[in-house]
Amino acid sequence: MTFEKAQEIATEALIHLTRDPEQVGRFLAVSGIGPESIREAAEEPGFLAGVLEFYMMDEAMLLTYCENSGIRPTMIAAARFTLAGDPADYA
């Protein structure tokens, strides 16, 4: 998986997450960032991997998201693995 594809998957997952106030509140609590900082945090290395890890912590949420978005759960894991590595490895 390319780094760009992994970023795309994670960005879509983040957008989906922000549509559910309860889940985004939970995500913010787990990640320790405030709602006013989410855009800034999204540009930090590792943030998008953290979004995917959040989905992977809740199987029901992960499977619902994957079903609704037409993506296999293994793609979430692959994207998380790619994002957790060094972006220079994919240049």
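Select helix 2, residues 21-31, and helix 4, residues 47-56, in this predicted model. Their axes come within 11 Å. They cross at roughly 120°. That angle makes helix 2 oblique to helix 4, because roughly perpendicular ends at 115 degrees and roughly antiparallel begins over 145. Now look at the handedness. Helix 2 passes helix 4 in a right-handed crossing.

Next, show the side chains where these helices meet. Which residues of helix 2 meet helix 4? Select Gln23, Arg26, Phe27 and Val30. On the helix 4 side, pick Phe47, Gly50, Val51 and Phe54. Colour the contact of helix 2 with helix 4 by class. Five of its residues are nonpolar, two are polar and one is charged.

Keep helix 4 in view and move to the largest pocket. About 150 Å³ of space lies in this pocket. How many residues line the largest pocket? The lining has 13. Start at the middle: select Phe3, Gln7, Glu44, Pro45 and Gly46, which lie nearest the pocket's centre.

Then add helix 1, residues 3-18. Helix 1 and helix 4 are the elements that give two or more residues to the lining of the largest pocket. Which element gives the largest share of that lining? Helix 4 does, with three residues.

Last, colour the pocket lining by class. Eight of the residues are nonpolar, three are polar and two are charged.

Finish with helix 4 selected alone. Helix 4 meets helix 2 through residues including Phe47 and Phe54, and helix 4 also gives three residues to the lining of the largest pocket.

Methods: Residues are numbered from 1 along each chain as its sequence is written. This is a predicted model: local features need pLDDT of at least 70, side-chain atom pairs count only at pLDDT 80 or more; totals for chains, interfaces and linings use all residues. Side-chain values use heavy atoms; hydrogens and water are left out. Axes are lines fitted to C-alpha atoms, for helices over the stretch in contact, and angles run from 0 to 180 degrees between N-to-C directions. Helices (H or I, at least four residues) and strands (E, at least two) are DSSP runs, numbered from the N terminus. Angles under 35 degrees count as roughly parallel, over 145 as roughly antiparallel, 65 to 115 as roughly perpendicular and the rest as oblique. A crossing is left-handed if the near helix is turned anticlockwise from the far one by less than a right angle, and right-handed if clockwise. Contact means heavy atoms within 4.5 Å. Ala, Val, Leu, Ile, Met, Phe, Trp, Tyr, Cys and Pro count as nonpolar, Asp, Glu, Lys and Arg as charged, and the others, Gly among them, as polar. On a 1 Å grid over the protein atoms alone, a cavity is a set of points where a 1.4 Å probe fits but cannot get out, and a pocket is an open set with protein on both sides within 12 Å along at least five of seven lines; lining residues have an atom within 4 Å of a point. Grid points are joined across faces, edges and corners, and a volume is the space filled by probe spheres set on the points.
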